[in-house]
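Work through the exercises below with the sequence and the model at hand. Each task is followed by a solution in steps.

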Amino acid sequence: MTAPRTLREASCADDYDPNSMAVDQARALIRQFLIPVTATERVHVRFALNRVLAEDIVSPIAVPGHDNSAMDGWAVRFADLKSGEDTMLKKVGESFAGKPHGGAIGPDESVRIFTGGVMPAGADTVVMQERAQEVEGGVRVAAGAVTKEGQNRRFAGEDLKQGQTVFRTGQPVRPAELGMIASLGINEVRVYRKLRVAFFSTGDELKSIGTTLGEGEIYDSNRYTLYGMLTRLGCEMVDMGVVADVPDELERAFATAAANADVVITSGGVSVGEADYVKQLLDKLGEVLFWKIAMKPGRPLAYGRIGTAHFFGLPGNPVSVMVTFYQFVRDALLILQGQRDVMPVPMFKATLAAPIRKAPGRTEFQRGILTPDGAGGWQVRTTGDQGSGILSSMSQANCFIVLGTATGNVAAGEAVDVQLLEGLL
Ligand code: AMP
Ligand code: MG
């Protein structure tokens, strides 16, 4: 099967049912339309953190550049060491990290050496200092101090070889990559430009913080969770505030957002009743599909294009916003940022501490609290009330308990899938 070229084409597939989309199916469909940004910029390595490499990094040097010692001790020739008795060696010099001995050692000679010190020519092994005793003019190496040639010696190029491709285009830069790049002496790298994401909240009932609430009004929290999640992903943001459920205003907001960003994210307005006029609007401006995902929370979801921008229409309920963001938007944004081999959020098993009631037929993402079980494993329980408006459940949770479509009630003691939120939130 070849990938569909348009959303309309995708929505003609045999297994396509907008009123009951499986989570994986929606994710796979979205993935087919994600084309990463292409523009790049050169930045100092420090500013490459949380960005994505837009070039292969080839090592201009070997790391480490020389054979050196992994210990404080004595550089020796393994062949000189007697088996079964102590060995007396002559001391011919010292090698500190950054201050090599410079010379070579011959038979029955040794060099006092410190961690990171260059191995003198002729030496092949390091005796750790705890197994050696300095004596007048030399050192006494205890019998059996080393068991094999090359012990406690780090080899030139054992971390990276000269000319080796260290990172490929599409590699996200984390603290380890920053250190690796610095270890190569490279101070500037090419990264993809940041993804621009415009977002707004829709709803007549929403007020921005800093204003007073009238009857029936609530503060807009979704823009703040979105701001937080997008910041963690390293996106550039255009916060467009609250837009009332007024077709003209919504149309203007959609058009402005799409003209100014790579991705448009909204919350609210995709549930039954509200979706109809939003649908009409978006049909004018682009091509958008409205789905009822077989999941809880996060059932209504819209995905498509407005102009050249990707569009994610998330549900209005605060928990649904976060769940749908992590299940659909996060991976999409990572791909759009230029990351290759994007891994889904890791899932592993934990033991359920208290039973959960669930009806088969949809995937549930319950908010869970994962704790050590005292026996070397992990146990998980829910945060309690799983209403999609209970944002405090997301704050109490440190994981999602993921209950698959076919799963029904789950008893205490059974193993369930969990996805850690630490590092995401
Ligand atoms: P909707 O999807 O627009 O029907 O909204 C579903 C529920 O989420 C309603 O109770 C809304 O009041 C609430 N809601 C929608 N948007 C927000 C928001 N930005 N912040 C907090 N609650 C919201
Ligand atoms: Mg609404």
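**Exercise 1.** In which sense do S8 and strand S9 pair, and over how many bridges?

*Solution.* S8 and strand S9 (residues 138-141) pair in the antiparallel sense over four bridges; two strands pair if DSSP finds at least two bridges between them. Strands (E, at least two residues) and helices (H or I, at least four) are DSSP runs, numbered from the N terminus. The bridge partner of Val135 in S9 is Gly138.

The model is predicted: local features need pLDDT of at least 70, side-chain atom pairs count only at pLDDT 80 or more, and totals for chains, interfaces and linings use all residues. Residues are numbered from 1 along each chain as its sequence is written, chains are lettered from A and ligands numbered from 1 in the order in which they are written, and side-chain values use heavy atoms, with hydrogens and water left out.

**Exercise 2.** Place S8 in its sheet and find which strands stand at the edges.

*Solution.* The order in this open sheet of six strands is S7-S4-S6-S5-S9-S8, with mixed pairing. Strand S7 (125-128) and strand S8 (132-135) each have a single partner strand, so one side of each lacks a neighbour in the sheet.

**Exercise 3.** Locate the residue that coordinates the magnesium ion (ligand 2).

*Solution.* Glu274 coordinates the magnesium ion through OE and OE, at 2.4 to 2.8 Å. Donors are N, O and S atoms within 2.8 Å of the metal (3.2 Å for Na, K and Ca); water is not among the atoms, so sites may look incomplete. Glu274 lies in the loop between strand S17 (263-267) and helix H6 (275-285).
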